[in-house]
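Here is a friendly walk through one protein chain, written for someone who works at the bench. Take a look at the sequence and the structure, then read on.

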Amino acid sequence: MSLIEKTTALADGFRSLYGTTDKYTLADMKTALSGLQIHNFLNEGQSLDTTNGDETKNLQGLTVDIWNQHLCGKTVTFSCDIEWSGYVKNENIGNRIGFELQTTDIDNGNHWNGPWYYPHSEAGSTHLSLTQYISEKAIKSIEYCSAYNQINSTATVKVTNFKMVVNPMGGG
């Protein structure tokens, strides 16, 4: 196997672990390897499936203690896989699919984090990824951590592979 093939495989592995589609340089991969601590802060195997009647799904695994100990001041990548069919745009609703967390910090400030996808077609699938910086302020509560179908109720939506990982290429 050539060096190019080895580094391509390594970069593919990082894209899979972090849930991103980023292009990684050799320097990026060295950074990722030097502090390799990939931990998904959301429990594995969770899904939102509207064929089961779920329009909202509370996601499990994240606590205030985990947030304050591991996420404050870090760059975090949120990601998931989405499939949908039957989407019809409606100006009276959000026209989006994704997941979101609302936290309240120690000074009662509210913060929202998480990725949203806005479909452009009646049916499709995509990998959704968003990288955000988490404030250094400790939080006192997680108001919600949920996945949502906010497109028309007659659509079929499946969201799987929820990830929330500290991105070693990010700040913090």
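## Confidence in the model

A quick word on pLDDT: it is the predictor's confidence in each residue, on a scale from 0 to 100. It matters here because this is a predicted model. The chain averages a pLDDT of 86, and 78% of the residues score at least 70.

Where is confidence lowest, and where is it highest? Helix 1 (residues 3-18) sits at the bottom with a mean of 63, while strand 6 (residues 116-117) is at the top with 97.

## The four-stranded sheet

Let's start with the open sheet. Four strands build it in the order 1-9-3-7, with antiparallel pairing. Its edges are strand 1 (48-49) and strand 7 (123-133), each of which pairs on one side only.

Going across the sheet, strand 1 and strand 9 run antiparallel and are joined by 2 bridges; here D49 stands opposite K158 in strand 9. Strand 9 then pairs with strand 3 over 9 bridges, again in the antiparallel sense, and F78 faces M164 of strand 9 as its opposite residue. Finally, strand 3 (residues 75-85) is linked to strand 7 by 11 bridges, and these two also run antiparallel. In this pairing, S79 stands opposite S129 in strand 7.

## Strands around strand 8

Strand 8 has pairings worth tracing too. With strand 4 it pairs in the antiparallel sense over 10 bridges, and L101 stands opposite C145 in strand 8. With strand 2 it forms 3 bridges, also antiparallel; the bridge partner of N58 in strand 8 is S146.

## The nonpolar core

Nonpolar side chains tend to be buried together in soluble globular proteins. In this model, the largest nonpolar core has 29 residues, and W67, F99 and M164 have the most contacts inside it. Helix 3 (64-71), strand 3, strand 4 (96-105), strand 8 (139-150) and strand 9 (156-166) each supply at least two of its residues. Strand 3 gives the largest share, with 5 residues.

F99 is a good residue to click on. Leaving aside residues up to four places away in sequence, F99 touches a list of residues that includes L42, L59, F78, C80, P115, A147 and F162. Polar residues are on that list as well, among them S79, N113, S146 and K163.

## Cysteines

How many disulfides are there? The count comes to 0, since no pair of cysteine sulfur atoms lies within 2.5 Å.

Are C72 and C80 buried or exposed? C72 has a relative accessibility of 18%, so it counts as buried, the cut-off being under 20%. C80, at 0%, counts as buried too.

## Two residues to look at

T63 lies in the loop between strand 2 (56-58) and helix 3. T63 counts as partly exposed because its relative accessibility is 37%, which falls between the 20% and 50% limits. The C-alpha atoms of T63 and L42 are separated by 9.7 Å, and these residues are 21 apart along the chain.

Q132 belongs to strand 7. Its side chain makes a polar contact of 3.3 Å with the side chain of N113. Apart from residues up to four places away in sequence, Q132 touches K74, T75, V76, F78, W112, N113 and G114. F78 and N113 are therefore worth finding in the viewer: both appear among the contacts of Q132 and among those of F99.

Note on methods: Residues are numbered from 1 along each chain as its sequence is written. This is a predicted model: local features need pLDDT of at least 70, side-chain atom pairs count only at pLDDT 80 or more; totals for chains, interfaces and linings use all residues. Side-chain values use heavy atoms; hydrogens and water are left out. Buried means under 20% relative accessible area, exposed over 50%, partly exposed in between (1.4 Å probe, protein chains only). Two strands pair if DSSP finds at least two bridges between them. A nonpolar core is a set of buried Ala, Val, Leu, Ile, Met, Phe, Trp, Tyr and Cys residues joined through side-chain atoms within 4.5 Å. Contact means heavy atoms within 4.5 Å. A polar contact is a pair of N or O atoms within 3.5 Å; within protein, one must be able to donate a hydrogen and the other to accept it, and residues adjacent in sequence count only if both atoms are side-chain atoms.
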